[in-house]
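Trainee: Before we discuss this model, could we look at it together, and could you show me how each term is justified?

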Amino acid sequence: MTVQSRTSIVWEYAPAPEATDHLRLTDRYGLFIEGAFCEPAEGRYVPTVNPATEEPIAEIAWAGPRDVERAVEVARAAQPRWAALPDRERGKYLFRIARLIQERSRELAVVETLDGGKPLRESRDVDIPLAAAHFFHYAGWADKLRYGVVAREVEPLGVVGQIVPWNFPLLMAAWKLAPALACGNTAILKPAETTPLTALLLAEICQEAELPDGVVSILPGDGAVGAALVRRPGLDKIAFTGSTAVGREIQTALAGREVELTLELGGKSANVVFEDAALDQAVEGIVNGIFFNQGHVCCAGSRLLIQESVLDEVIAKLWARMGRLRVGDPLDKNTDVGAINSAEQLQRIETLVAAGEDEGAVRRSVACSLPERGYWFAPTLFTDVSPAHRIAIEEIFGPVVSVLSFRTQAEAIEKANNSRYGLAAGIWTDKGAKAFEVASALRAGVVWQNTYNHFDPTAAFGGYKESGFGREGGPAGLRPYLRVVR
Ligand code: NDP
């Protein structure tokens, strides 16, 4: 029975825009070094732009090599004092940061949405609460480090450089900073070029929390700043989240140097639907897996594997559900799919989608009216995809799902593992034993059962193969920031 036949009432959505008049943004943001905002040595400022309107939001200082050098010196000088604090005292600072993120959560959510294009519903309900949760979680670990690394005596690594992408700007900063600081390291964070704002608000929060000067520095700028940070002597570790190509470059640059490295890179994750799954629930999970954050998610369920016996049924249900997605103003609380993060990313998505059509896959894009300004891409489904197609192999990082089919469990496992990536996977089945059997055969860092894109600060996250190495989250996320002494 369809919804329409149960009621004659047609429900229209009234616009529900979130207010922006409560924001305390300034026109210009400097670099954050030694506990203060400062001018960049080369005096360069670049506007950060709202991808939904193409309008500038604020001018952002871009760091140069001299700023990187200074930030490393400051972090080196601050590190022994920070590490020497009683563990519980360090934890208190992290608790304060977590509480301040909660107190400023409405403002942070709106700024995240303005700067990155993601729906407010997501920044408000996912990004910001999870960022606070990561600080809370690692605040609790600060005085229990030896239990986090199986009763061994540990010490901090020293100074860490952290480079984060634009898809979850504040959340990625929290994933990186919270464990590093809990362990007694000092950190230099390089936010992504298109989304620096919430990292700079986090710098204000560090000031409000009276975090000792030099414990956290924030250096906005382009890829060159990241590259300079990686190459700067005086660092003990680099933690990077981003593309596999840049991850590879960083690994090469660090070869032969005594610098620890963790890489959280791309993915082409399989979301596997068996015929015995609760199909309506699976469709919700497929939608959440690929259209959450416009598909700008490293673990997005972008390769949908459906058992042949239910292929047509699942595709019909999915297509109907996609038609009900609301695409548009990210600040509207009803919006499901917001703006693409940048013109460059839109171009990448368009190129790969065109390749999918050229190679013979069948494209269906939802007919929705997209705003005239800004960067947009309609939710898209590809069927008749072969495992050799680019859209089945390469990370699209957009609201595009490629559907493949399988007949047997063995074929599902074979196809799911047929990727150079190994970040995440989803399994939809009513049979618990099958779920465990398939999960243990999948070469993926995270496997979700009957859910997708479910994150928790207590759970480890990270990849196999070209999705990188090292884990973030939970006690496993402490290990990359500690040296075992004995
Ligand atoms: P990048 O890997 O280029 O960016 C990630 C971060 O690294 C950004 O802060 C970036 O700065 C910085 N960076 C760029 N070049 C260097 C360098 N040579 N040395 C050190 N740091 C550097 O990702 P893109 O933004 O270019 O996105 C490209 C593709 O990568 C996407 O289409 C997607 O497929 C994938 N991706 C995967 C992510 C994931 O979570 N796994 C996240 C983001 C992208 P800046 O922003 O200034 O360029």
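Trainee: How do the residues lining the largest cavity divide by class?

Mentor: This is a predicted model, and in it the lining of the largest cavity divides into 8 nonpolar, 4 polar and 4 charged residues. The lining comprises 16 residues, of which R303, A416, A424, R443 and A444 lie nearest the centre of the cavity. Arg counts as charged and Ala as nonpolar, so R303 and R443 belong to the charged class, whereas A416, A424 and A444 belong to the nonpolar class. Helix 15 (409-417), strand 17 (421-422) and strand 18 (424-428) are the elements that give two or more residues to this lining.

Trainee: What makes this space a cavity, and what is the volume of the largest cavity?

Mentor: A cavity is a set of points where a 1.4 Å probe fits but cannot get out, and the largest cavity has a volume of about 90 Å³. The search of the whole structure finds 7 cavities of 30 Å³ or more.

Trainee: Why is the other space called a pocket, and which residues lie nearest the centre of the largest pocket?

Mentor: A pocket is an open set of points, whereas the probe in a cavity cannot get out. The largest pocket has a volume of about 1000 Å³, and W166, G242, S243, V246 and R348 lie nearest its centre among the 42 residues of its lining. Two or more lining residues come from each of helix 9 (223-231), strand 10 (237-241), helix 10 (244-254) and helix 13 (343-358). By class, the lining of the largest pocket has 17 nonpolar, 13 polar and 12 charged residues.

Trainee: Helix 13 packs on a sheet as well; what is the strand order in the sheet of 7 strands, and which are its edge strands?

Mentor: The order in this open sheet is 14-15-16-13-12-18-19, and the pairing is mixed. Strand 14 (362-365) and strand 19 (446-449) are called edge strands because each pairs on one side only. The twist from one strand to the next averages 20 degrees. Helix 13 touches strand 14, strand 15 and strand 16 (400-406), and its direction makes about 30 degrees with that of strand 15. An angle under 35 degrees counts as roughly parallel, so helix 13 and strand 15 are roughly parallel.

Trainee: How do you know that strand 14 and strand 15 pair?

Mentor: Pairing needs at least two bridges, and 4 bridges join strand 14 to strand 15 (residues 380-383), so the two strands pair, and they run antiparallel. V362 stands opposite T383 in strand 15.

Trainee: What makes strand 1 and strand 5 a pair in the sheet of 3 strands?

Mentor: Strand 1 and strand 5 (residues 55-61) are joined in the parallel sense over 2 bridges, and at least two are required, so the condition is met. The bridge partner of Y29 is I60 in strand 5. The order in this open sheet is 1-5-4, with mixed pairing, and strand 1 (28-29) and strand 4 (45-50) form its edges.

Trainee: Why is helix 4 described as roughly antiparallel to helix 8?

Mentor: Their packing angle is about 155 degrees, with the axes 9 Å apart; angles over 145 degrees count as roughly antiparallel, and the term therefore applies to helix 4 and helix 8. Their contact has 5 nonpolar, 1 polar and 3 charged residues. Helix 4 (residues 105-116) also lies across strand 4 and strand 5, running at about 100 degrees to strand 4; this angle falls in the range 65 to 115, so helix 4 is roughly perpendicular to strand 4.

Terms used
Residues numbered from 1 in each chain as written. Predicted model: local features only at pLDDT ≥ 70, side-chain atom pairs only at ≥ 80, totals over all residues. Heavy atoms only, no water. Contact = heavy atoms within 4.5 Å. Axes fitted to C-alpha atoms, helices over the stretch in contact; angles between N-to-C directions. 1 Å grid on protein atoms, 1.4 Å probe; cavity = no way out; pocket = protein on both sides within 12 Å on 5 of 7 lines; lining within 4 Å. Points joined across faces, edges and corners; volume = space filled by probe spheres on them.
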